[in-house]
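Colleague: I am new to this structure and would love a close look at one part. Could you pick a pair of elements, show me how they sit together, and then lead me on from there?

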Amino acid sequence: MKIATFNINGIKARITALSDWIDDTQPDVAILQEIKSIDENFPREIFEDKGYNVETHGQKGFNGVAILSKLPLEDVSRGLPGDDADEQARWIEATVVGEKAVRICGLYLPNGNPAPGPKYDYKLAWMERLYHRAQDLLKLEEPALMAGDYNIIPQVEDAERPDAWRDDALFRLESRAAFQRIQNLGFTEAFRACQPGSGHYSFWDYQAGAWEKNNGIRIDHFLLTPQCADLLNTCWIEADVRGREKPSDHVPVWVDLAA
DNA sequence: ATGCCTCCCCGAGGGAGA
């Protein structure tokens, strides 16, 4: 089962690029972030016509997540538990049943800048809720993954210019510690399990020729439960998508599971 | 980089992103 996570930076602006990418790569499951659309305006029929089931959790103007799947999406749940007052659409989960059942959680973790400040407090509080959801997922002892735009640069080798990010919400020690703390529960970070070394990025800013200079960061991740990690064949970043016509500023990250 | 683009809201210019 080939599963991709992709922050598309607006479904309206990315319909053509996303549609072409789906046609070319044929993911079994595509986990999307920043659809920037309410559910009613998401062009679901474009993807249904390609054979995908579509589940969205959108809101007006920004944020918004979705899952596309060739296999049925079962037991769909929207919103990260732990704060009923949180109105931001950043979490969706569903079960996909192939050779094995896999619980798929799609997430768009808050950016958190400027840090410190209320937006950074929201990021850390959201990560605390994520920690608790991760704990509950582990208790099921089943294949499950949490994938998406984490807005976390895990290590210095995940940025071309780490010094420029030192005090940024994506790289501050508190942010990285919160991400590591979730992994320490027993999750496998799929890309690092497959590929050591520096220079592998999933985001390049639109500004100042970041793509041309390869001034990127790696912030889109897969975390796998032990039962899911046992199924991991490979994980890779499809970086060349960033150089295509009218690209998102993120590129797809993939896992191939024996499921 | 105190944002050099891009996206959204709409139908001008501001908020948000990372």
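**A helix pair and its surroundings**

Modeller: Happily! Helices α3 and α4 are roughly parallel to each other, a term for angles under 35 degrees. Their axes, lines fitted to C-alpha atoms over the stretch in contact, with angles from 0 to 180 degrees between N-to-C directions, cross at roughly 5° and come within 10 Å. This is a predicted model, where local features need pLDDT of at least 70, side-chain atom pairs count only at pLDDT 80 or more, and totals for chains, interfaces and linings use all residues. Residues are numbered from 1 along each chain, with chains lettered from A and ligands numbered from 1 as written.

Helix α3 covers residues 118-139 and α4 residues 173-184; helices are DSSP runs (H or I) of at least four residues, strands (E) of at least two. On the α3 side, Leu124, Met127, Leu130, Tyr131 and Ala134 touch Glu174, Ala178, Arg181 and Ile182 of α4, contact meaning C-beta atoms within 7 Å.

Just ahead of α3, the loop from β7 (101-108) holds Pro114 and also Pro116. The Asn113 to Pro114 bond is cis, with omega near -5°, and Ala115 to Pro116 is cis too, at about 0°.

Turning to the DNA, 22 residues surround strand B, and Asn111 and Ala208 are among the closest; this counts C-beta atoms within 6 Å of the strand. Ala208 sits in the loop between β10 (203-204) and β11 (216-217). Although not a glycine, Ala208 has a positive phi of about 60°. Ala208 is exposed, with 9 C-beta neighbours inside 10 Å, where 12 or fewer earns that label.

Key: Parallel < 35°, antiparallel > 145°, perpendicular 65-115°, else oblique. Contact = placed C-beta atoms within 7 Å. Buried ≥ 20, exposed ≤ 12 C-beta atoms within 10 Å, placed from the backbone.
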